[in-house]
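Visitor: I have a protein structure to look at, and I would like to learn how to read it. Could you take me through some of its features?

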Amino acid sequence: MSHAYDDREATTETSHPWAGRPDGTLILSRRHVCELLSLDESIDAVEEGFRKQSAAGAIPPGVLSAPASGGAFHVKAAGLQLAHPYFAAKLNGNFYDNSRRYGLPRIQGLIILCSAESGYPLAVMDSTEITEVRTAAATAVAAKHLARQDASVVTVCGCGLQGRVQLRALSRVRGIKKVFAVDLRQQVAEKYADELSASLGVEVTPTQDLHASCRASDVCVTCTPSQRPMVETGDLSPGVFLAAVGADSEEKQELSSALLAQSKLVVDHLQQCAEIGELHHAIAEGLMTCSDVHSDLEAVIAGHRPGRVSDDEVIVFDSTGVAHQDVACASLVFEKAVQQNIGIQLNLLHKRL
């Protein structure tokens, strides 16, 4: 018989979560995920996920997009051999006008975490927090390996929730002293500057001049839903590291293809970036091929390909968001939830006799 337990109620009926036949599926809300997943842990988990992206036991990532009225649905799935073999599938709905129409977040969704040995659904959890944190964690991991060691001036273009966690993540890997906050909505940039300067103890200046702020920065991050290039050739100074985070579907683009072609390009996953990332546009315009990509981040982390080799080279990270990052963070949340007896366990697969 299926059973449930409240947020912190221990149970003696639950079998080991990685046993061949678990007793049920763990249900975890966004509050649970926020409580269990710290930014520092996410950065470590995402780096490990990159390291094992093509290792034995890894299941290649898959992406499915389905347009809908006023938005779209996106499915990302992959598997990793971590402490145990895991597979995760994430379904996110992205509806642009949710806040005004329904008072709901723009992005909502769920992650189903399964055993990659038996297929059993180990957990169902909110995906919103994991998506936000793992995306910023990927930027931090890339900056750790690709930005100059003395990088201290940052431009963040897009001052929403993702822009906030991007800056917090970058502050974990580089000594940030000055930040330019760029947003089309000046009041949003001003609020961002007030909040982040207070919480991080750095100078954050709101501005709408993206080109000037990029030229004055060591690290740039674009995290917008833009469908046309915002950063062009000539906007970046020698030695800059730029993480393009917004392009996670075919229609999105933040960087000019000419800029991409002139830079040292590192991708989070070559095939995925060629299909939906900034690289996709450069290929479509005939300015690049996959062979022009310097490396994927996995190879840089593993030491198979060099990262930054001089203080003057411009390095761009094409970040489309690989499902392996979701697996790494969701499995961490699941394991901690089991250890701390957090969540509600249901036998969703029980067959009524």
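Guide: Happily! Let us begin with a pair of helices: helix 4 passes helix 12 in a right-handed crossing. Keep in mind that this is a predicted model.

Visitor: At what angle do the axes of helix 4 and helix 12 cross?

Guide: The crossing angle is roughly 120°, and the two axes come within 10 Å. To put a word to such an angle, we use ranges: 65 to 115 degrees counts as roughly perpendicular. The angle here falls outside that range, so helix 4 is oblique to helix 12.

Visitor: Which residues make the contact between helix 4 and helix 12?

Guide: On the helix 4 side, look for Ile130, Arg134 and Ala138. Helix 12, which covers residues 323–340, brings Gln325, Asp326, Cys329, Ala330 and Val333. Sorted by class, the residues of this contact are five nonpolar, one polar and two charged.

Visitor: How do helix 2 and helix 4 pack, and how far apart are their axes?

Guide: Helix 2 runs over residues 39–51 and packs on helix 4 at an angle of about 70°, with the axes 8 Å apart. That angle makes helix 2 roughly perpendicular to helix 4. The crossing of helix 2 with helix 4 is right-handed.

Visitor: Which residues meet there?

Guide: Helix 2 offers Leu39, Ser42, Ile43, Val46, Glu47 and Phe50. Facing them in helix 4 are Val133, Arg134, Ala137, Ala138, Ala140, Val141, Lys144 and His145. By class, this contact has nine nonpolar, two polar and three charged residues.

Visitor: Let us turn to charged side chains. How many salt bridges are there?

Guide: The idea is to look for a side-chain nitrogen of Lys or Arg within 4 Å of a carboxyl oxygen of Asp or Glu. By that rule there are 18 salt bridges. One of them joins Glu129 and Arg30, with 3.2 Å from N to O. Glu129 sits in helix 4 (residues 128–146) and Arg30 in helix 1 (residues 30–36), so this pair ties together parts that are 99 residues apart in sequence.

Visitor: Are Glu129 and Arg30 buried or exposed?

Guide: Relative accessibility tells us, and buried means under 20%. Glu129 has 14%, so Glu129 counts as buried. Arg30, at 31%, is partly exposed.

Visitor: Where is the partner of Arg215?

Guide: Arg215 forms a salt bridge with Asp235, and their closest N and O atoms are 3.5 Å apart. Arg215 belongs to helix 7 (residues 210–215), while Asp235 is in the loop between strand 11 (227–231) and strand 12 (241–244), 20 residues apart. Arg215 is partly exposed at 41% relative accessibility, whereas Asp235 is buried at 7%.

Visitor: What about Glu313 and Lys264?

Guide: Their side chains also meet in a salt bridge, at 3.3 Å from N to O. This pair links a loop to a strand: Glu313 is in the loop between helix 11 (297–302) and strand 16 (315–318), and Lys264 is in strand 14 (residues 264–267), 49 residues apart. Both Glu313 and Lys264 are buried.

Visitor: Which residues are linked in a network of salt bridges?

Guide: Glu47, Glu48, Arg51, Lys52 and Lys144 are. You have already met Glu47 and Lys144 where helix 2 contacts helix 4.

How values were computed. Residues are numbered from 1 along each chain as its sequence is written. This is a predicted model: local features need pLDDT of at least 70, side-chain atom pairs count only at pLDDT 80 or more; totals for chains, interfaces and linings use all residues. Side-chain values use heavy atoms; hydrogens and water are left out. Helices (H or I, at least four residues) and strands (E, at least two) are DSSP runs, numbered from the N terminus. Buried means under 20% relative accessible area, exposed over 50%, partly exposed in between (1.4 Å probe, protein chains only). Axes are lines fitted to C-alpha atoms, for helices over the stretch in contact, and angles run from 0 to 180 degrees between N-to-C directions. Angles under 35 degrees count as roughly parallel, over 145 as roughly antiparallel, 65 to 115 as roughly perpendicular and the rest as oblique. A crossing is left-handed if the near helix is turned anticlockwise from the far one by less than a right angle, and right-handed if clockwise. Contact means heavy atoms within 4.5 Å. Ala, Val, Leu, Ile, Met, Phe, Trp, Tyr, Cys and Pro count as nonpolar, Asp, Glu, Lys and Arg as charged, and the others, Gly among them, as polar.
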